[in-house]
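This report walks through selected features of one protein chain. Take a look at the sequence and the fold first.

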Amino acid sequence: MRPRQPDPAPLARLSALATLPVFFRLTDKCVVLVGGTEGAAWKAELLAATGAQVHVFAASLSDKMRETLRDLPTLMWIARAWEPADLHGAALAIGDVESDHEATRFCAAARVAGVPVNVIDRPAFCDFQFGSIVERSPVVIGISTDGAAPVFGQEIRARIESILPQGLRSWAQAAKGWRASVQSRNLPFRGRRAFWERFTALAFAKADQSPQNSDLVDLLRVSDEQSSDAPKGSVVLVGAGPGDPDLLTVKAVRALQSADVVLYDDLVSPQTVNAARREATRIAVGKRGYKPSCTQDDITALLVSLARDGKRVVRLKGGDPMVFGRAGEEIEGVTAAGFPVEVIPGVTAASGAAASLGLSLTERKVARRLQFITAHAHDGRLPDDLSYAALTDPRATTVVYMGVKTLPLLVARLLAEGLDPATPAVVVERATWPDERRIAGMIAQLPERIAQARPTGPCLVLIGAALAGPPLPSPGEPT
Ligand code: SAH
């Protein structure tokens, strides 16, 4: 079989966007607000906060609007109905108008004047919508569910509020002020990025304190010390977990977000690869069971040559990199070439399968030993040096990786060596993926069941009394 060549994937394209979030700077711009209602008053307050010159056209005012106009002197009340000419030159037009006729007239006038328009609570008449806001100005986060459900949006907002410390405001402010000092250092791109990464880590670590000038001095000193070093590539082996992208660790996401290049296996789900920085180059280097594969030597050589180009390389490996992942060869190759290697662990397929089955692999009453084996030697056959004493231990839970093809042989051998043919076993295909499938039975029946089910995805075989319990429903199954 001809080995596969590493396969650079095109840049991931964005999926459809319901709306485009944009951030308008309105300082000193004229905004037309039509209506004296309470709804209009809330918008008046929001718009005034942006520094816009808000012209409120209303023949009469609600109490709320009266109060808002009194408290916010930058709002200007024009005590009459609006006219189309009022919209000329405005940055935005917002109206709280009652009838469809009035809304249509308002929209039409705004279109003629070339002004984006919003009729409050009337999406059909809106060019743009107001999202919910999380405000740590200058950091401003807008949330839109495109009208899906306000409660949903509110919950999202509450969650973001709870994870963003208030103090980030002053750090973001400091970042604006410090930009010039960083720029004047003339650091290369990598050096600037490193500065802002250290800045960000500090901001989150000291979010409850105000940034001090001494913080800037310290950060710049580290930059100066490091800028004398040539840019150096690095390699991070990252565990991608068994499939569900939510099983990536926080550290893995961080590594993916700062990667220049991502080399990933076929076992890694596309959604998981998509956690990488958009600009990162993605290269498929699948090693696929019995199908054409990139050779391990090619992959290691590619890691080294990318590191030599000064790239931050993420090697994204299914499950945990240190479990049947040939991590040792990659670590050795990269280290021998003089580049730093880091390993970020992942959820191994056995943990993913156990979680989704809802069965403890070390069930106290029946299991004393948990063992992970591979049933696939370098030549694709059943390894001839497996320990059958360990595998036939009635108090063991055995998880077999890469075990489907050689399953009939393995089972025949296990039974011949004395394993109880009634031992519970289950094959989990594509554990934690939405289309996960299980094939369960007594170990003696399993080869035949597998022959019928013909799994095509990655499979684990789990064997032992711990697998006797009733499993939880699969991810895709209705509960
Ligand atoms: N490093 C990986 C294992 C790589 S070996 C880990 O820690 O999980 C490849 C084998 O892992 C596959 O042949 C299969 O036996 C198993 N495997 C990986 N992902 C799986 C999944 N989602 N479901 C079932 N088995 C999986």
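## Helix α10 against helix α11

The model is predicted. Helices α10 and α11 are oblique to each other. That label follows from the crossing angle, because α10 (residues 296–308) and α11 (residues 327–336) cross at roughly 40 degrees, and an angle from 35 up to 65 degrees is neither roughly parallel nor roughly perpendicular. Their axes come within 9 Å. The crossing of α10 over α11 is right-handed.

Which residues make the contact? On the α10 side they are Gln-296, Ile-299, Thr-300, Leu-303 and Val-304. On the α11 side they are Glu-329, Glu-330, Gly-333 and Val-334. By class, four residues of this contact are nonpolar, three are polar and two are charged.

## Helix α1 against helix α2

A second helix pair joins α1 (residues 38–49) and α2 (residues 63–71). Here the axes come within 7 Å and the crossing angle is roughly 20 degrees. This makes α1 roughly parallel to α2, because angles under 35 degrees count as such. The crossing of α1 with α2 is left-handed.

From α1, the contact takes in Glu-38, Ala-40, Ala-41, Trp-42, Ala-44 and Glu-45. From α2, Lys-64, Met-65 and Thr-68 meet them. Five residues in the contact of α1 with α2 are nonpolar, one is polar and three are charged.

## A five-stranded open sheet

Five strands line up in the order β14-β15-β18-β16-β17. The sheet is open and its pairing is mixed. Strands β14 (369–374) and β17 (437–442) are at the edges. Each has a single partner strand, so one side of each lacks a neighbour in the sheet. From one strand to the next, the twist averages 15 degrees.

Two helices lie across this sheet. Helix α12 (residues 349–357) lies across β14, β15, β16 (424–429), β17 and β18. It runs at about 70 degrees to β18. Helix α15 (residues 446–453) lies across β16, β17 and β18. Its angle to β17 is about 150 degrees.

## Strand β18 and its partners

Strand β18 (residues 459–463) pairs with β15 (residues 396–401) in the antiparallel sense, over four bridges. The pairing of β18 with β16 is also antiparallel, over five bridges. Which residue of β18 does Val-399 stand opposite? Val-399 faces Leu-462. Val-426 stands opposite Leu-462 too. Leu-460 of β18 is the bridge partner of Tyr-401.

Is β18 buried or exposed? Five of its five residues are buried, so the strand is largely enclosed by the rest of the structure. In a regular strand, side chains alternate between the two faces of the sheet. In β18, Cys-459, Val-461 and Ile-463 lie on one side, and Leu-460 and Leu-462 on the other. Both faces are covered.

## Lys-317, a buried lysine

Lys-317 sits in strand β12 (residues 312–317). How accessible is Lys-317? Its relative accessibility is 2%, so it counts as buried.

What does Lys-317 touch, leaving aside residues up to four places away in sequence? Its contacts are Val-238, Gly-239, Ala-240, Gly-241, Asp-265, Val-268, Gly-325, Ala-327 and Glu-330. Glu-330 also belongs to the contact of α10 with α11.

## Backbone exceptions in loops

Most residues other than glycine have a negative phi, and most peptide bonds are trans. Three places in this model depart from those habits. Ser-137 and Pro-138 are joined by a cis peptide bond, with omega about 15 degrees. Pro-138 is in the loop between β7 (132–136) and β8 (139–143).

Asp-146 has a positive phi, near 50 degrees. It lies in the loop between β8 and α4 (150–163). Thr-432 also has a positive phi, about 70 degrees, and is not a glycine. Its place is the loop between β16 and β17. Asp-146 is partly exposed, with a relative accessible area of 40%, whereas Thr-432 is buried, at 11%.

Conventions:
Residues numbered from 1 in each chain as written. Predicted model: local features only at pLDDT ≥ 70, side-chain atom pairs only at ≥ 80, totals over all residues. Heavy atoms only, no water. Axes fitted to C-alpha atoms, helices over the stretch in contact; angles between N-to-C directions. Parallel < 35°, antiparallel > 145°, perpendicular 65-115°, else oblique. Left-handed = near helix turned anticlockwise from the far one by under 90°. Contact = heavy atoms within 4.5 Å. Nonpolar A, V, L, I, M, F, W, Y, C, P; charged D, E, K, R; others polar. Pairing = 2+ DSSP bridges. Buried < 20%, exposed > 50% of the residue type's maximum accessible area, 1.4 Å probe, protein only.
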